[in-house]
Amino acid sequence: MQSLPLYKDGEYEIRNDYGYNIICIENGQVWVKDADCPGGDCMNFGKISKDGQIILCLPHRLAVTIKGKEGSDAVSY
């Protein structure tokens, strides 16, 4: 598992044995911009920004979760 700060804008490519996902963080929100999974359901989750919200990409076995810690939110995947 890796964590990224939710306050730091950026675009991140995540690759594993199953494919790739492009995750974007901007203005305290995160979403999947692109993926090579069948159906692309992970891209349809939209933007998330609240503690406990999650984006799943089942074909790639990826979960993107917002985790809050006393004013310091992070994105974990």
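**Group meeting: strands, cysteines and a surface patch**

Okay, let's start with the strands: S2, residues 10–16, pairs with S3 in the antiparallel sense, over seven bridges. Before I go on, keep in mind that this is a predicted model.

So S2 and S3 make a hairpin, and there are two residues between them. If you want a pair to look at, find Glu-13, which stands opposite Ile-22 in S3.

Now go to the other side of the story, S4, residues 29–35. S3 and S4 are joined by six bridges, and again they run antiparallel. Which residue in S4 is the bridge partner of Ile-22? That's Asp-34. So Ile-22 has Glu-13 opposite and Asp-34 as its bridge partner in S4.

How covered is S3, then? Mostly: of the eight residues in 19–26, seven are buried.

S3 and S4 also form a hairpin with two residues between them, and Asn-27 sits in that turn. Have a look at its backbone: Asn-27 isn't a glycine, yet phi is positive, about 50°. Is Asn-27 buried or exposed? Exposed, because its relative accessibility is 65% and the cut-off for exposed is over 50%.

There's another residue like that. Arg-61 isn't a glycine either, and its phi is positive, near 55°. You'll find Arg-61 in the loop between S5 and S6. Arg-61 counts as exposed because its relative accessible area is 64%.

While we're in that loop between S5 (54–57) and S6 (62–67), Leu-58 is there too. Leu-58 is exposed, at 68% relative accessibility. Leu-58 also belongs to a nonpolar surface patch, along with Phe-45, Ile-54 and Leu-56. Together, those four have about 370 Å² of accessible area.

Last topic, cysteines. How many disulfides does the structure hold? Zero. Take Cys-24: no disulfide there, and the nearest cysteine sulfur, on Cys-42, is 12 Å away. Cys-24 counts as buried because its relative accessibility is 7%, and buried means under 20%.

Cys-57 is the one I'd pull up on screen. Its nearest cysteine sulfur belongs to Cys-37, at 3.7 Å, and Cys-57 is in no disulfide. Why doesn't that pair count? Because the sulfurs are 3.7 Å apart, and a disulfide needs them within 2.5 Å. Cys-57 is buried as well, with a relative accessibility of 2%.

That's my tour; over to you.

Note on methods:
Residues are numbered from 1 along each chain as its sequence is written. This is a predicted model: local features need pLDDT of at least 70, side-chain atom pairs count only at pLDDT 80 or more; totals for chains, interfaces and linings use all residues. Side-chain values use heavy atoms; hydrogens and water are left out. Buried means under 20% relative accessible area, exposed over 50%, partly exposed in between (1.4 Å probe, protein chains only). Helices (H or I, at least four residues) and strands (E, at least two) are DSSP runs, numbered from the N terminus. Two strands pair if DSSP finds at least two bridges between them. Patches are made of residues with over 30% relative accessible area and no salt bridge: like charges are joined within 9 Å, nonpolar side chains (Val, Leu, Ile, Met, Phe, Trp, Tyr) within 5 Å. Accessible areas come from the Shrake-Rupley method with a 1.4 Å probe; for residues, only the protein chains shown count as cover. A salt bridge is a side-chain nitrogen of Lys or Arg within 4 Å of a carboxyl oxygen of Asp or Glu.
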